[in-house]
Amino acid sequence: QKDNLMTTCYINGKYKPLGKSTVSVTDRGYQFSDGVYEVIAVFKNEFVDFKLHLNRLFVSLKKMDMKINLNKNQIESIIKKIKKINQLEMGIVYIQITRGDQNPREHKYSNNLKPNIVIYSIIKNFEYLNKLAQKGVKTSLYPDVRWQRSDIKSISLLGNVLAANHAKKNKSHEAVLFDNKNMITEGNSSSIWIIKKNKCITHPLNFRILKGCTRHKLISILKKNKFKFEEKKFSITSLLNADEAFMTSATNFIMPIVKVDKYTISNGKPGLNTLKFRNLFINAI
């Protein structure tokens, strides 16, 4: 792929180099975080869970009361064109849609705004993540300070940024978020799972977590392989005492968690079930 700034970007009907793709300072995404986004992985030249991500994008738009003049088929065509132009074989396609430009600045949005639609690709080293999965990763606990609508994949990500950089300072791969009752919600950009007595457990779908596409895919794999699972809240203590722990996301796929801050999960090695699920997921791609 070309130099990143020369990567081709779709912006409002045109294809331009990323370095020349700009929106106005009156864009409501820039001023209010008034927008949504989606990330679709490309692994060995194949899109991962394409339809799930596309559907979730339109669910987010609906929840934000945002209307665009492109349908799913048109967005799909643009995404595939960006992948082809940028010769993306391993990485992500990033989609961001904001409500549009509004001047003068006003919290209440006008109904006739034209959304700003941006789609471009980024190279990612999934082979590195494959090697990381064989060792497992360290995570760090962080309070869930995000806004109350984590079910919308909005660009309001300051809480996630604070959590991710707390993890970075602690040399951790991901932050694991907990609520005011010390119950785990999700990761700063992932769903969090534990296995106890041969049962997978993850947080139920509600306003506090995002409906992860990898999470959704894994549940169908668990059902197909008749592996027990339950959607219920679990505590920090349950996480630390789990037989296995892992995260799921569009880029990590299924990533074993072997450490939480100074605490070791089980024997400190990736769980056999977790690695099995990872292989099943990659085969499903």
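Which residues is Ile184 in contact with, leaving aside its neighbours within four places in sequence? In this predicted model, the list runs to Leu141, Val176, Leu177, Phe178, Ile192, His203, Phe234, Ser235, Ile236 and Leu239. Ile184 belongs to the largest nonpolar core, a set of 50 residues. Together with Leu239 and Phe277, Ile184 touches the most other members of that core. As for where the core's residues come from, the largest share is supplied by strand 14 (residues 253-260), which puts in 5 residues. There is also a second core, separate from this one and made up of 25 residues. Among its members are Leu61, Ile79, Leu88 and Ile152.

Charged side chains come next. The count of salt bridges comes to 15, and a few of the pairs are worth walking through one at a time. Take Arg56 and Glu38: they form a salt bridge whose closest N and O atoms sit 2.5 Å apart. Arg56 is part of helix 2 (residues 50-63) while Glu38 is part of strand 3 (residues 35-43), so this pair ties together parts that are 18 residues apart in sequence. How buried or exposed are the two partners? Arg56 has a relative accessibility of 10% and therefore counts as buried. Glu38 is buried too, with a relative accessible area of 0%.

Helix 2 turns up again in the pairing of Lys63 with Asp151. Here the closest N and O atoms of the salt bridge are 2.9 Å apart. Asp151 sits in the loop between strand 7 (137-143) and helix 5 (158-169), and Lys63 in helix 2, so parts that are 88 residues apart in sequence get tied together. Asp151 counts as buried because its relative accessibility is 10%, whereas Lys63, at 41%, is partly exposed.

A third pair joins Glu231 to Arg215, with their side chains meeting in a salt bridge at 2.6 Å, N to O. Glu231 is found in strand 12 (residues 229-231) and Arg215 in helix 6 (residues 213-224), so the link ties together parts that are 16 residues apart in sequence. Glu231 is partly exposed, at 36% relative accessibility, but Arg215 is buried, at 3%.

Some salt bridges go beyond a simple pair. Asp144, Arg146, Glu186 and Arg208 are linked in a network of salt bridges.

Note on methods:
Residues are numbered from 1 along each chain as its sequence is written. This is a predicted model: local features need pLDDT of at least 70, side-chain atom pairs count only at pLDDT 80 or more; totals for chains, interfaces and linings use all residues. Side-chain values use heavy atoms; hydrogens and water are left out. A nonpolar core is a set of buried Ala, Val, Leu, Ile, Met, Phe, Trp, Tyr and Cys residues joined through side-chain atoms within 4.5 Å. Buried means under 20% relative accessible area, exposed over 50%, partly exposed in between (1.4 Å probe, protein chains only). Helices (H or I, at least four residues) and strands (E, at least two) are DSSP runs, numbered from the N terminus. Contact means heavy atoms within 4.5 Å. A salt bridge is a side-chain nitrogen of Lys or Arg within 4 Å of a carboxyl oxygen of Asp or Glu.
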